[in-house]
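Biologist: Please take a close look at the aromatic rings here, and then follow the account on to helix packing.

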Amino acid sequence: MTITQTFNVHFWLKKSSIRKDETIPIYARIWIDSIPVDVSTKEALLEEHWSAMAGRVKARTKNAKYINDILDDVYSNIKTAYKQLKDEGRVITAQAIKLRYLGKDKAVLTYKDLIEYHRDNELKKLAQGTIKNYGATEKYIDRFIKKEFKSNDVHLTQLDYSFIVKFENYLRTCPPLRKSQPLNNNGVMKHLERLQKFTTLAFKHGWIKIDPFALYELKYEEFDCPFLEQSELEAMMVLYISKKSMRLVRDIFVFSCYTGLSYIEVKNLNRKSIANGIDGEQWIMVRRQKSKTSVKLPLLDEAKEILGKYSDYPCAENNYSLLRVFSDQKINKYLKEIAKLCKIDKNLTFHVARHTFATTVALLNGVPIETVSKLLGHTKLSTTQRYARVIEKKISKDMEQLKVKLKSNSRKNMDYKETEYNHLKIV
């Protein structure tokens, strides 16, 4: 069923707002189905120079052509706003047309429009580190559009399944933004995941009619982040480091190994983050930066020792932060130097500490995976399972315990007697 609407625009003088020089503001009145909304044209004139029948300035009036041209532009822009809303399948009201005309409901028709909307409305909801990643994705998409379409922008309707496939192929063959950071499969998938967030936003708002990712599957490769063995962790803890800044990085890394806190969570840690727990001991009580879930964990002695080492650092100037934390780039650079000194042949980054806590400190010491999940602030147990790998040492430990249990329940410990058939009969 087609619904017809009456749309009309006419200009009039708002005599209730007469100015001191006796000029009267000119307004445009938008009508949709007999419901009006008024919009100021930013122009004014004396009443005797106005033709109410024509809805324009009288021809012989000074500046008549200039003002009438402005009114024609206003009329044309209001009609354009009406057409845009109609083409987008929106509910059309006089107020909706006014908002679109004023740019308060800007039309999102192209990829650039979509990115601008995302920056203005969605980006501020994200953490700074995540925002940086979106910037890289935007650069790759811009380069792809220029190469594939010989243009700086494309209409949203061109963001289809074919666009996704071609963009994936482009990412796998194009020069990386940084030579030192070539794109692997999971890096490609991350950029496609952010593109998917753009198109999902457009789909939810009705700016595109079909979800281009509906038939596309993101395929990540399994990746095991390294973690430190107990011997490696202890070697790092006792390592003599003369350089003060490098020593600080080592201590912060070890602190994370015994708390499971991420880089940003350690950086944001202050006096308010430490409170007495249910057992009367000191606990860390924070909210995870990513999921905002509550994390409550008792402070282990190793972590307490490090906080005590830097107890003179918290002050009003640094918001009583417990530890001085450098940028993640500087920390990761120092960690690679520390790994060489400890003869640890692993790609050491700050995130390795979180995996070390889950695997070496917690799981291998008998902490149940459900508890580890809570300590890490995960909302799903499956997320924790990627951290707490069942490694050979744990398998060996578990099997040793199983052997002991089986031995205690073995037939050797059971009473038996021979039957007339010379079989063992268990009593």
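Modeller: What follows begins with one pair of rings, widens to its neighbours and ends with a pair of helices. This is a predicted model, in which local features need pLDDT of at least 70 and side-chain atom pairs count only at pLDDT 80 or more, while totals for chains, interfaces and linings use all residues. Residues are numbered from 1 along each chain as its sequence is written, and side-chain values use heavy atoms, with hydrogens and water left out.

Rings of Phe, Tyr and Trp (its six-membered ring) are paired if their centres lie within 6.5 Å, and the planes count as stacked under 30 degrees, edge-to-face over 60 and tilted for the rest. By this rule there are 14 aromatic pairs. In one of them, the centres of phenylalanine 149 and phenylalanine 163 are 6.0 Å apart and the planes stand at 20°, so the pair is stacked. This pair links distant parts of the chain, 14 residues apart, with phenylalanine 149 in helix α4 (residues 128-149) and phenylalanine 163 in helix α5 (residues 161-173); helices here are DSSP runs of H or I with at least four residues, numbered from the N terminus. Phenylalanine 149 is partly exposed at 29% relative accessibility, whereas phenylalanine 163 is buried at 2% (buried is under 20% relative accessible area, exposed over 50%, partly exposed in between, with a 1.4 Å probe and protein chains only). Both rings belong to one aromatic cluster, formed by Phe144, Phe149, Phe163, Phe167 and Tyr170.

Other rings carry a charge over them, a term that requires NZ of Lys or CZ of Arg within 6 Å of the ring centre and within 35 degrees of the ring normal. The charged end of lysine 330 lies over the ring of phenylalanine 326, 4.3 Å from its centre, and that of lysine 346 lies over phenylalanine 227, 5.6 Å from the ring centre.

Lastly, helix α8 (residues 244-257) packs with helix α11 (residues 328-341) at about 90°, their axes being 10 Å apart, where axes are lines fitted to C-alpha atoms over the stretch in contact and angles run from 0 to 180 degrees between N-to-C directions. That makes α8 roughly perpendicular to α11 (65 to 115 degrees; under 35 is roughly parallel, over 145 roughly antiparallel, and the rest oblique). With contact meaning heavy atoms within 4.5 Å, Ser245, Met246, Val249, Arg250 and Phe253 in α8 meet Ile331, Tyr334, Leu335, Glu337, Ile338 and Leu341 in α11.

Terms used: Helix = DSSP H or I, 4+ residues; strand = E, 2+ residues; numbered from the N terminus.
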